[in-house]
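This briefing is meant for a reader who is meeting the structure for the first time. Please look over the sequence and the 3D view before reading on.

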Amino acid sequence: MTIALQDLGYGEVYHMRSAYASERDVELWIQALEAKYEGKGSPLGREQWDSILGHCEATTDIPGAFFATELVEAYPEAKVILTTRTPESWHASMMQTTWAVYQDRVRWIAAKLDGPTSRRRRMSDLFFQHFFGHNFPRTGKEVFIEHNVAVRRLVPAEHFLEHRATDGWEPLCKFLGKAVPQDKAYPNTNDVKSFRSRFQAMNKGIFIQVLTSLAPKAVPIVAITSILCWMFWASI
């Protein structure tokens, strides 16, 4: 959906990679997640949501999806698109993509060694521990169904579209008041193969970031580097 919205002229579309790329945003999402699920601090208000999303024309993916109620309350004029598929196909895809990233050994050890990486890990821990009940492989499909039901009830009909990738451009463009692209097929760029390619590139960046953060410190980095090298190449 991110690529589809960009193809339709929405210049800034916030998504999961946007959150992980900004240390400031990571801290704000952690604040929002801890307030919602652990009762720590205050929930984010419109001003704080604007500080994360105000420069964007749309938001897709997690972590925004975990805050459907809060975002609809903060932006009641916004149009909401519920992208969906069968629970079985979604769960299978998640197991091979987002859940696989969360379980990755390189990222686990990097979170123990590097401050920014540890905070990203904290954000991911909150996703999976609270929204998915501490056991995504077992509860994921049930949570997916419940989330979709909740969103359908939450959003007024005039602001709501339920969309599958197989629906293509026409219903999406009609809902958004956009012309149907004549020279572009509806995008499908988040398949498992392309996700794994991006995942390997991200792991390389994390690997370099951790080594850079360790280099100035008086620690036995030779052994740590060897472990990270082995884990990085084993993940490819």
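In this predicted model, the count of disulfides comes to zero, a result that rests on the rule that two cysteine sulfur atoms must lie within 2.5 Å of each other. The points below take up the cysteines, then the chain as a whole, and then one helix.

**Cysteines**
- Cys56 has a relative accessible area of 16% and is therefore buried, since the cut-off for that class is under 20%.
- Cys173, with a relative accessibility of 1%, likewise counts as buried.

**The chain as a whole**
- The chain is made up of 236 residues, and 42% of them count as buried.
- Its secondary structure comprises 13 helices and four strands.
- When contacts between residues at least 6 apart in sequence are considered, 70% of them join residues that are at least 24 apart.
- The accessible surface of the chain amounts to about 12700 Å², and carbon and sulfur atoms account for 56% of that area.

**Helix 3**
- Helix 3 covers residues 23–38, and because its 16 residues should span 22 Å at 1.5 Å a residue, the 21 Å between its end C-alpha atoms agrees with the expected value.
- Several residues of helix 3 are buried, among them Val26, Leu28, Trp29, Ile30 and Leu33, and the buried set also includes Asp25 and Glu34 as well as Ala32 and Ala35.
- Just after helix 3 comes Gly39, which takes a positive phi of about 70 degrees.

Methods. Residues are numbered from 1 along each chain as its sequence is written. This is a predicted model: local features need pLDDT of at least 70, side-chain atom pairs count only at pLDDT 80 or more; totals for chains, interfaces and linings use all residues. Side-chain values use heavy atoms; hydrogens and water are left out. Buried means under 20% relative accessible area, exposed over 50%, partly exposed in between (1.4 Å probe, protein chains only). Helices (H or I, at least four residues) and strands (E, at least two) are DSSP runs, numbered from the N terminus. Contact means heavy atoms within 4.5 Å. Accessible areas come from the Shrake-Rupley method with a 1.4 Å probe; for residues, only the protein chains shown count as cover. The expected span of a helix is 1.5 Å times one less than its number of residues.
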